[in-house]
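Here are my notes on the model, point by point. Please read them with the structure open.

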2 protein chains.
Amino acid sequence: MSTSTLHDRIRARIETRILSGAWPPGHRIPFEHELMARYGCARMTVSKALASLVDAGLIERRRRAGSFVAQPRVHSVVLDIPDIQADIAARGDTYGLKLLSRQRRPAKATIPEEKMLRASELLALRCLHSANGRPFALEERLISLDAVPAAAEVDFAAVPPGTWLLGHVPWTQAEHRITAVNAGNAIASVLEIAPKTACLVLERQTWRGARHITHVRQTFPGSEYDLVAKFGPQTRHGR
Amino acid sequence: MSTSTLHDRIRARIETRILSGAWPPGHRIPFEHELMARYGCARMTVSKALASLVDAGLIERRRRAGSFVAQPRVHSVVLDIPDIQADIAARGDTYGLKLLSRQRRPAKATIPEEKMLRASELLALRCLHSANGRPFALEERLISLDAVPAAAEVDFAAVPPGTWLLGHVPWTQAEHRITAVNAGNAIASVLEIAPKTACLVLERQTWRGARHITHVRQTFPGSEYDLVAKFGPQTRHGR
DNA sequence: GCCACAATTATGTCTAGACATATGACGGCA
DNA sequence: TGCCGTCATATGTCTAGACATAATTGTGGC
């Protein structure tokens, strides 16, 4: 935990509290003068720690008011985690969601994705996103109820799971895996496309700290979707 | 150019020199005491500017030696720009490269990709990457000779263009576009797969500052390639 | 009650030092 | 020539202040 320099230790302690959820989004973190007192150091040292948290996107600072844990960020981490609902809305299309199935149950050790979640209990969802009434993506999602117990109470027929998670759970690590496959009969009929049509398959796993949050597989008809990832001048100075 | 605060202005001036190529990788930038003198400020202010360049990955600092423009970085910007040769080697397979065509010519205004490059002259390459002798990816690349004149002298039958560019040209912005398509006859025969096989198409454009460097389209047989993008604790403290 | 203005307060930027630490350079010694 | 220890030096971390700036809070006048 102690990264050798003082401002790094201060940073690490605050970061731990945020990532553990002990300090939720919106929570006011101690004032600089309080941290100075606690760590017995100069203001500049505290300031350095906080500045680093700012450009990690974990906190926001407001003059006169103090420093606050930032709301979970969608864009701040360089590559969009695609929010399908937002994407469709941005194109001016009408978004639709159909919840095909929802199960709350223990993880099956036989299914590799479920084993990887390392959750005692999980929520398994299948849903279909549509744009202007036409199927747009099939989503198969596992949510760890150990990491996100609140998910059990959400009505995912009304809010897409990805959208809800993006807004409620800060994540720190993600891994995407992207492939192309020829649609099998099952998928083709759900997406209303011809069998063997090329589809883009996006698998994503997300973590908060060491906790595995969710695993999702989204299947898009190749012709319907371009996955776009831009990156450059990061979170940095330009905001 | 002046971002209002002094350390930001210092940062911006140095950044400009690096991105313009005036200070190439390996070049020693002025010592802190020289910058203090030039800008008439305290060392801490200079230090802040340089620290920010460090975690943007643009410079490296060595005690006693000074600060140097960093070598172009492959990983530092969160998502790998995939280096096909490195990927194949990492799997323990034998990498092969065949240059199918190479043209040096002015950009054609009729082709949208070429127009977007905004280059008076470009290098158009088609090459086939292979792993253990089997076709692995078809690459169609345009390189702006305005931005990278040195590319005209490189033997791209020996070094894959992506590998060469990653090692020689620092980039600041990139945009990926990923789709799935059913292989047409032409592509299928080059890649030695059945027509209509699902293929992953990765289009990427890269910029250095305002200069467009390259545009590339890579086509992978869907079964052969997973595109993996990990991201998390960034360039940050953890290195 | 409502609005304008001043006081207060936390952060933002910066300074002029201090001491610590790694490392390149140089000279001496084998 | 080649190795090793010393020294000079640039960066790394930190301090105890200063003044600036923005925003909230409280106050007074209408």
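1. A term to begin with. Two residues are in contact if their C-beta atoms, placed from the backbone, lie within 7 Å. The model is predicted, so please read every point below in that light.

2. Helix 1 against helix 3 in chain A. On the helix 1 side, the contact uses A:L6, A:H7, A:I10, A:R11, A:I14 and A:E15. Helix 3 of chain A answers with A:T45, A:V46, A:K48, A:A49, A:S52 and A:L53. By class, this contact holds 6 nonpolar, 3 polar and 3 charged residues.

3. Geometry of that pair. The axes of helix 1 and helix 3 of chain A are 8 Å apart, and the packing angle is about 50°. Why is the pair called oblique? Angles of 65 to 115 degrees count as roughly perpendicular and those under 35 as roughly parallel. At about 50°, the two helices of chain A are therefore oblique to each other. The crossing is right-handed.

4. The sheet in chain B. Three strands make an open sheet, in the order 1-3-2, with antiparallel pairing. Strand 1 (28-29) and strand 2 (59-62) of chain B are the edges, and each pairs on one side only. Strand 1 and strand 3 of chain B are joined by 2 bridges in the antiparallel sense. Within strand 3 of chain B, B:S67 is the bridge partner of B:I29.

5. A helix over that sheet. Helix 3 of chain B lies across strand 2 and strand 3 of chain B. Its direction is at about 120° to strand 2 of chain B.

6. DNA strand C. Which residues come closest? They are A:E32, B:L6, B:C41, B:T45 and B:R64, out of 21 that surround the strand. Chain A gives two or more residues from each of helix 3 (43-55) and strand 3 (66-69), and chain B does so from helix 1 (6-20) and helix 3 (43-55). Helix 3 of chain B gives the most, with 3 residues. The classes are 7 nonpolar, 6 polar and 8 charged.

7. DNA strand D. This strand has 21 residues around it, and A:L6, A:C41, A:A42, A:T45 and B:E32 come nearest. The elements giving two or more residues are helix 1 (6-20) and helix 3 of chain A, with helix 3 and strand 3 (66-69) of chain B. Which element has the largest share? Helix 3 of chain A does, with 3 residues. By class, the surface near DNA strand D has 7 nonpolar, 6 polar and 8 charged residues.

Terms used:
Residues numbered from 1 in each chain as written. Chains lettered and ligands numbered in written order. Predicted model: local features only at pLDDT ≥ 70, side-chain atom pairs only at ≥ 80, totals over all residues. Near = placed C-beta within 6 Å. Helix = DSSP H or I, 4+ residues; strand = E, 2+ residues; numbered from the N terminus. Nonpolar A, V, L, I, M, F, W, Y, C, P; charged D, E, K, R; others polar. Pairing = 2+ DSSP bridges. Axes fitted to C-alpha atoms, helices over the stretch in contact; angles between N-to-C directions. Parallel < 35°, antiparallel > 145°, perpendicular 65-115°, else oblique. Left-handed = near helix turned anticlockwise from the far one by under 90°.
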